Amino acid sequence: MEPTLDVGQRVLVNRFIYHFENPEPGDIVVFHPPAGADNGTECGVTPRPGEPCPKPTAGESSQNFIKRIVAGPGDTLSVKEGHPVVNGVEKKDEPYTNPCGEAPACNMPRTIKIPPDHYFMMGDNRGASDDSRFWGPVPRSWIIGKAFATYWPPDRIGTL
């Protein structure tokens, strides 16, 4: 999640908010990824060339990940120069991201549809992030909560 969060930085997470409201694109969330995501890239199906992973593996990992939601249930998504293209609109105004560069995952022009009750996650370090582009959308039930502040190290204390 660099540059938003540094490796080892600690965050506070609201575990109750999504009992009262839906997760939204832009939210930084802590969640369990699909099984296999913690060992690298493992999609639940074989994606077509140039397509983000459209379906996660069936199992839930016990690891905790932190990423930004970029698309929600029913949205269509592709990736252009590291930016999500959601429902045909490229989200270029993302000042919190590092440039994507030339990595293959920076351009995934084939569109997928996010399944009901699933969310597509991307890290802010787009060229080096292990995220939903590789292991698919995440079911809402696997979202632990919304990160809202940092508390460690002391020189990085603040809201997200």
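How many disulfides does the count come to, if a disulfide is taken as a pair of cysteine sulfur atoms within 2.5 Å? By this rule the count comes to two, and I will begin with them this morning. Before that, please keep in mind that this is a predicted model, in which local features need pLDDT of at least 70 and side-chain atom pairs count only at pLDDT 80 or more, while totals for chains, interfaces and linings use all residues. Residues are numbered from 1 along each chain as its sequence is written, and side-chain values use heavy atoms, with hydrogens and water left out.

Let us take the disulfides in turn. Cysteine 43 is joined to cysteine 53, with 2.0 Å between the two sulfur atoms. The torsion about their S-S bond is about 90°, and therefore this disulfide is right-handed. The pair links distant parts of the chain, since cysteine 43 and cysteine 53 sit ten residues apart, each in the loop between strand E2 (28-31) and strand E3 (65-71). When I say strand, I mean a DSSP run of at least two residues, labelled E and numbered from the N terminus. Cysteine 43 and cysteine 53 are both buried, where buried means under 20% relative accessible area, exposed means over 50%, and partly exposed lies in between, with a 1.4 Å probe and protein chains only.

The other disulfide joins cysteine 100 to cysteine 106, with an S to S distance of 1.9 Å. Here the torsion about the S-S bond is about -90°, so the disulfide of cysteine 100 and cysteine 106 is left-handed. These cysteines, 100 and 106, are buried as well. If you number the bonded cysteines of the protein in sequence order, you can write the pairing as 1-2, 3-4.

Now to the sheet. As a general point, strands of a sheet pair through backbone hydrogen bonds, either parallel or antiparallel. In this model, four strands form an open sheet in the order E6-E5-E4-E7, with antiparallel pairing, and two strands count as paired if DSSP finds at least two bridges between them. The edge strands are E6 (89-90) and E7, each of which pairs on one side only.

Strand E4 (residues 76-80) is joined to strand E7 (residues 108-113) by three bridges, and the two run antiparallel. Along this pairing, valine 79 stands opposite methionine 108, and leucine 77 stands opposite isoleucine 112. E4 also pairs with strand E5 (residues 83-86), again in the antiparallel sense, over four bridges. There, lysine 80 stands opposite histidine 83. The hairpin of E4 and E5 has two residues between the strands, and in it glutamate 81 takes a positive phi near 50°.

Which residues touch the most other members of the largest nonpolar core? They are Val29, Phe31, Met121, Trp135, Val138 and Ile143, out of 13 residues in that core. E2, E3 and strand E8 (118-122) are the elements that give two or more residues to this core. A nonpolar core here is a set of buried Ala, Val, Leu, Ile, Met, Phe, Trp, Tyr and Cys residues joined through side-chain atoms within 4.5 Å. Methionine 121 has contacts, meaning heavy atoms within 4.5 Å, and if we leave aside its neighbours within four places in sequence, its partners include Val29, Phe31, Ile69, Val138 and Ile143, as well as Lys67 and Asp131. Apart from the largest core lies another core, of eleven residues, among them Val79, Val86, Ile114 and Phe120.

Finally, the charged pairs. The structure holds seven salt bridges, a salt bridge being a side-chain nitrogen of Lys or Arg within 4 Å of a carboxyl oxygen of Asp or Glu. In one of them, lysine 80 meets glutamate 90 at 3.9 Å, N to O, and this pair links distant parts of the chain, with lysine 80 in strand E4 and glutamate 90 in strand E6, ten residues apart. Lysine 80 is partly exposed at 41% relative accessibility, and glutamate 90 is partly exposed at 21%.

Arginine 48 and glutamate 51 also meet through their side chains, at 3.1 Å, N to O; arginine 48 is partly exposed, with a relative accessible area of 42%, whereas glutamate 51 is buried at 10%. Aspartate 131 forms a salt bridge with arginine 133, the closest N and O atoms being 2.8 Å apart, and aspartate 131 and arginine 133 are both buried.

Technical notes. A disulfide is a pair of cysteine sulfur atoms within 2.5 Å.
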